[in-house]
Every structure is written in C-alpha cells, then in structure tokens.
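Morning, everyone. Please bring up the sequence and the model, and we'll walk through them together.

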Amino acid sequence: ISWGNSEVHVLRAGTLFFAFLLAVCSTVQAAADDDEVLIRAGERDKWFYVDRREVTLAQMQAFDSAFEPPYEYFRDARLPATGVSWAKARAYCQAQGKRLPTMDEWQLVCAGPEGYAYSYGNNWDPTLARMGRRVWTDGPRPVGSYEPNGYGLYDMVGNVWEWVDDGEKEDDAHHVVGGSWVDGPRKTKCTVKNPVFDALQRVINYGLRCVRSLTEEDLSRLAEEEAEKLRQVKAAARREAATKQAALRAKEAARKAKSDAEAKKVLDQEEAERQAVEAEKAKKAEAFARIIS
C-alpha cells in the first residue's frame, strides 16, 4: 500500500487502540553486545559491518524531525521506521557514515552462516518472525522482538521490507528484500527481491537497515585484535607448557622422594642390623674376657 497527499486513511478508534496496546506490550529482546556485526566475507577488503536491527522510528526522526510514519499506530519509537523511500533510506545511512547493503551482502547475512532459505531455518514459520499477518493494521513489531539469526541479526525477514543498493541508475528499479508483516512464505525468503521503480515512493511496509564498509582504522584495529588474539594463544600455550613442566617436575620430585625414602629405609635397616651385630660381638667379647680373667 502506498499513499500520497491526496489519500486519507481512516481507521476505527478501536483498531487504533488495539494496535497501540499491542505495540506497547510487545517484548523487545535487548542486546548485550554491539549494535553492528562484522561479516567476514572472503578477503578482508570485502568484509563489512551490518546493523543488528532495522532502523527505528526514533532513529529516523532524530535524523529528520519532519519524518512521520504512515499511520498513527506506527508511532511507537521502538518500531521500525515505515513508509521509507529508497532516497530517504540512502540519505539516512549516509548521514550515519554508512550505506545501504548491496543485494549480495543482504542475502548473505539473511541466510546466516548456515545458508538457510529463511533467516531462521529452511521451513517457513510465522512464529519465528513478524510475517504472515495478512492484515495491514497488525503492523510490525518493535525491532529485536524475535530471536536473531546465526549472525546475531534481528528481523532479517518479516517486520518490514528493507532497501538494498546495487548502484542502479535513477531510471532503473531499486529493490526491497526480506518481506514484511503481511507477507507469506514466498516473499519472505532470503533470495526474493521486489523491484520498485520510483526512488521517492513511500510504501507503508518499507524500511531499512544500514551497513558500512571497513575503514583503514577498522582494518588497523582488526589487525591489532588478531595480533592480540595470537599473542594470547601463544601465552596460553606457554602457560600450558609451563604447567605441564611443573607437573612433570613435581611428579619426578615425588618419585625421587619416594625412592630416597625407600633407600633410607633400607640403609636404616642395614645400620640397625650392623649395630645389632656389633653389640652381639661386644657382648661375647666381654663374656670371654670375664672367663679368662
């Protein structure tokens, strides 16, 4: 569904209130880690960072205070930005020092490291993503409401369609991917794309997420992180070797102590026997001396 200035959408108050309650009561899964994920695709110059979550209404309005969602009940700041044109999506990402993903990048991260047909597996399941609702007024859910995929990315399918950028010319079709809350098994596959021929067209269930290419600073930091990991591995190997050597020395010391104790026991026994013999000789000598005297 798209709209223009000449269109007015009127919904019953009860529907608005119900949708508002659903949005407010939705549970958002908070992430304890960073807001973006490093995707190591091929050579290092092809690596990129991708946002864990779709861009929210709050983020879009921080970028453009005049931006409004298409419907009143899509005003929850935690919801994905809806009704976003390709031009607005690209401008938003550029303002963050990022960009829209290419088709190849998006499909790669959607399928996850497992290469699934959907972001969560190979079989369509509307309980694992916001999709298959078939009612426009049901709307999306706050970003991150469902479990992430194998890369730690949320809502890669369902919720809202996401824009990609393959450098199309202005008169060529741009594409959205991933499907939305109203779409079913076919449109929510990671490999499906939907063409849009107007870069300024706003469609109710179109949103976005951003990616960014690695900078020289990123490459330097990652190289240092890898070097630090290597140092840690080597240090751990040295500690393990030292621990093994210490265990061997302790074992050898225990063996030697045991051997020494056994040897001392034998020597002590031999000394006791020698002293007993000497005492017996002395006793006999004393007895003989008494006889001859």
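**Strand 2 and its surroundings**

Start with strand 2, residues 48-51. Phe-48 and Val-50 point one way from this strand. Tyr-49 and Asp-51 point the other way. All four of these residues, Asp-51 included, are buried. Keep in mind that this is a predicted model.

Now, the partners. Which strand pairs with strand 2 over four bridges? That is strand 1, residues 36-39, and the pairing is antiparallel. Find Val-37 there: its bridge partner in strand 2 is Val-50.

Next, strand 7, residues 211-213. Three bridges join strand 7 to strand 2, and these two also run antiparallel. Here Phe-48 has Ser-213 as its bridge partner. So much for the pairs.

Put them together. You get an open sheet of three strands, in the order 1-2-7, with antiparallel pairing. Why is one side of strand 1 and of strand 7 left without a neighbour in the sheet? Because both stand at the edges, and each has a single partner strand. On average, neighbouring strands in this sheet are turned by 25° against each other, direction ignored.

What packs on the sheet? Helix 4, residues 103-111, does, and it touches strand 1, strand 2 and strand 7. The direction of helix 4 makes about 65° with that of strand 2.

Then look at helix 5, residues 216-292. Helix 5 lies across strand 1, strand 2 and strand 7. Its angle to strand 2 is about 100°.

**Cavities**

Last topic: enclosed space. How many cavities of 30 Å³ or more does the structure hold? Two. The largest has a volume of about 70 Å³. It is lined by 13 residues. Closest to its centre are Ser-119, Leu-128, Glu-147, Asp-155 and Met-156. Please highlight those five on the screen.

And what is the lining of this largest cavity made of: how many nonpolar, polar and charged residues? The split is nine nonpolar, two polar and two charged.

To recap, then. We have a three-stranded open sheet, ordered 1-2-7. Helix 4 packs on that sheet, and helix 5 lies across its strands. Elsewhere on our list, there are two cavities of 30 Å³ or more. Over to you for discussion.

Note on methods:
Residues are numbered from 1 along each chain as its sequence is written. This is a predicted model: local features need pLDDT of at least 70, side-chain atom pairs count only at pLDDT 80 or more; totals for chains, interfaces and linings use all residues. Side-chain values use heavy atoms; hydrogens and water are left out. On a 1 Å grid over the protein atoms alone, a cavity is a set of points where a 1.4 Å probe fits but cannot get out, and a pocket is an open set with protein on both sides within 12 Å along at least five of seven lines; lining residues have an atom within 4 Å of a point. Grid points are joined across faces, edges and corners, and a volume is the space filled by probe spheres set on the points. Ala, Val, Leu, Ile, Met, Phe, Trp, Tyr, Cys and Pro count as nonpolar, Asp, Glu, Lys and Arg as charged, and the others, Gly among them, as polar. Buried means under 20% relative accessible area, exposed over 50%, partly exposed in between (1.4 Å probe, protein chains only). Two strands pair if DSSP finds at least two bridges between them. Axes are lines fitted to C-alpha atoms, for helices over the stretch in contact, and angles run from 0 to 180 degrees between N-to-C directions. Contact means heavy atoms within 4.5 Å.
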